[in-house]
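The exercises below invite the reader to examine a structure step by step. Each task is followed by a worked solution.

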Amino acid sequence: MSKIPVEVKDKSSKKKTGGPAGTEAMVPIFVMGKRYEVPASLTIQKALEYAGYQLVRGCGCRGGICGACGTVYRFPGSYRIEVGLACQTVVEPDMYITQIPFFPANKAVYDIEKLEPTGSTVAALYPEIFKCVGCGTCTRSCPMDIDVMEYISRAIRGDVAGAAELSFDCVMCGLCSARCPAEEAQYNIGILCRRLYGRHIAPRAKHVNKVVDLIEKGKFQKGLEKLKRMKMAELKKIYNEREIEPDMAEEYWEPEDKTFIIVE
Amino acid sequence: MPYTPELKKLIKVVEKTRPKRVEQKRGGEEFPAMSLKEREDILKYHPDFKEAGRSEIKVGPSRGYRISNEIVSLLHAKSRVDPDQVELTRPDYETDVLVIGGGGAGTAAALMAREKKMKVLIATKLRHGDANTMMAEGGIQAATKSEKDSPYYHYLDVMGGGHFKNDPELVEILVNEAPKVMAWLDKLGSMFSKTEDGRLKTLHGGGTSRKRMHYAGDITGAEIMRTLRDEARNHAQDIKVLEFSPAVELILNDKGACAGAVLYNLETEEYILVKAKATILATGGSGRLHIQEFMTTNHYGATGDGLIMGYRAGIPLKFLHTVQYHPTGAVFPEQAEGLLITEKFRGAGANVVNIDGEQFVYEREPRDVEASAFIRECIERKKGIPTPTGKFGVWLDSPMIDHLKGEGYVRREFPGKWILFHRYGIDITREPMLVYPTLHYQNGGLAINNKGETGIPGLFAGGEVSGGVHGENRLMGNSLLDVTVFGRITGVTAADYVKSKYKDGKPTLEHVRKYHQELIEAGVNVNGRVSPMILPDYSNPDVRKRQLTTQYVGTLR
């Protein structure tokens, strides 16, 4: 089946495009079991719109990052359930499609400040984590190709940093949770681990606090006041002549003019 | 789909010039950046300068102002609600602070208002977190490295990027609050990219004089958004969220203060009244209006609703005559069209080249200048690369980066983009990306002061819906900063207002009646238009023709 799009206009990329041109190969898809013919080059999301849906649920950023459009599908004769984000997955002939725009999942409530970044913290907030049977369905259900089962096992083993890192690309669409026989809310466990890591394990960004302190003491204020009051011509001149940190400069590059920075 | 044989042949041309370009970059030799005069000259290729793209606003506080036709047509429209039909005295919800919009600015505002002991209600169009914040990739600017940078240089860069038109008071707040926001996000547990000693990694962005772009992989906005959302969910008692319930009109009271809003439940199609002591507009931008028919990077709900509601209530508009086109939107493959390719690629050293594999612009000019150079290269100089769908683009030479920074850098620092293109059969560590400007950001918006106050008591605005801080052109990394800085500030200001200035009054939609009257007096042919738009119309027009018994109000059934 040719997937080379030629004539069909991308309706989301332009306002009001008029009707479909109809010169492109069409494929049948089944939306919740009902058959529609759609152009072969469209994503599932655009195919739904082509079929006549105006999306409210199941559509968010349209760019593969917000997790609103988790979708499961299956082909006739195949036992396999496949997954994708509707905005990123191109239709294929005879797909049986349903979106899962929402799935109720357990979310623990916590004060991140007071937590210890350990496996027991995760286990206390999400005791069901031990119900994991290691079936790997979550990993197979992840449209972001995250090894979900692995980050859950890391969390069980107390490797919070590992769980944080492995779950980093999670868009929190909830498909893992929807299919988990142990009724876990993997993606909520993932963000807990990431926040534990970010708050308590990753080394603190001390230089930031130092600058905040300097700002609060008003150390840069004189320079700013000067700029704010400056005549336009002079401001432009200073802007034009400002020193630019070279692209390939080392981290601790030093500018020549140190008047408006603070070197210790 | 992978590159076509024709495009693969053209990629060979890029490969041919690459070794020399890598050598030059290593040696610190750059394509010359434009002078202010050259910048001014090239901007005539920018869509903002197309006079036919703009028209005059005929009513309201900024009448006479010429801005994009698409926004004007929504300003020249009637409210979705008939003021005579709404019974205002029996609100469905009462709250201290109503936050309209559940993106970065709204959520930051809610968190700060809660810290000040407020009960907060967030009303949002789609899900909590479905917002442009979630989609911002490249990073967030802040002068956190005092031995080479300071708010002074950040201020200069912001002003230069905005063509020196920015509101200095707003810029001052932006640059001074920036490091505080970084400290806040770090404390909330956002996973920013760091070196082993905890130092935040930073890169250049277009128009920056110091490397101050902090990032979390290439999903910085998503990392910030999901952290803030998680934190809000940890305070569900104090921060309630109404999803799929966009605001359609503000409610004022007889003392001229804002008293809440009328919401619309997108699922049950009923209108809901919220009475609030303070209201924060954090509705974001308007990319889904497809200004001048450009493709957009924006999320589904970015239809400029806050502009319309705020304007009807009497807040002037600022800097809306400029619209930001991100220089690098994907134009290939077709499924990815309009998708944002983060500026971080150029920050990391990728050149931009034409069909001959030649550089024609320094890759880190401010966005409007960079975008204009792409448009000139394709349209006037005819050196663009044709796509199979009949469009043009230029090459973003991502494979250079691994040559410069070591094998594996692109895979590690751009995981989101790598996997996306990998799915299409394109390896961005080996093949360049085809890009063209895409509608990205609403530079201007509702007028605010440095506390996020609008001219209307009890009404505050922050983030993309507001205008002034970015002047005529926003620099990369200053939008995530804008939403967090001004989101936080409006939260605090609104809480202070509730505590010390709030007075109850009789709710009214008189301003809507007046606005409708003004439309008639100005002779505007409303032609059945209603606004705000709420959602763009992407369903198949042929299907709509066959919906014989369906009635639409605007784009919605």
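Two exercises follow, one on a sheet and one on an interface.

This is a predicted model, in which local features need pLDDT of at least 70, side-chain atom pairs count only at pLDDT 80 or more, and totals for chains, interfaces and linings use all residues. Residues are numbered from 1 along each chain as its sequence is written, chains are lettered from A and ligands numbered from 1 in the order in which they are written, and side-chain values use heavy atoms, with hydrogens and water left out.

**Exercise 1.** Determine the strand order of the open sheet in chain B.

Solution. Strands are DSSP runs (E, at least two residues), numbered from the N terminus, and two strands pair if DSSP finds at least two bridges between them. The order is β6-β8-β7, with antiparallel pairing. Strands β6 (140-141) and β7 (202-203) of chain B each have a single partner strand, so one side of each lacks a neighbour in the sheet. Next, β7(B) pairs with β8 (residues 213-214) of chain B over 2 bridges. Within β8(B), Met213(B) is the bridge partner of Leu203(B).

**Exercise 2.** Describe the interface of chain A and chain B.

Solution. Begin with contacts (heavy atoms within 4.5 Å): 100 residues of chain A touch 109 residues of chain B. Then count salt bridges (a side-chain nitrogen of Lys or Arg within 4 Å of a carboxyl oxygen of Asp or Glu): there are 14 between the chains. One of them joins Glu267(B) to Arg57(A), with the closest N and O atoms 2.4 Å apart.

Technical notes: Helices (H or I, at least four residues) and strands (E, at least two) are DSSP runs, numbered from the N terminus.
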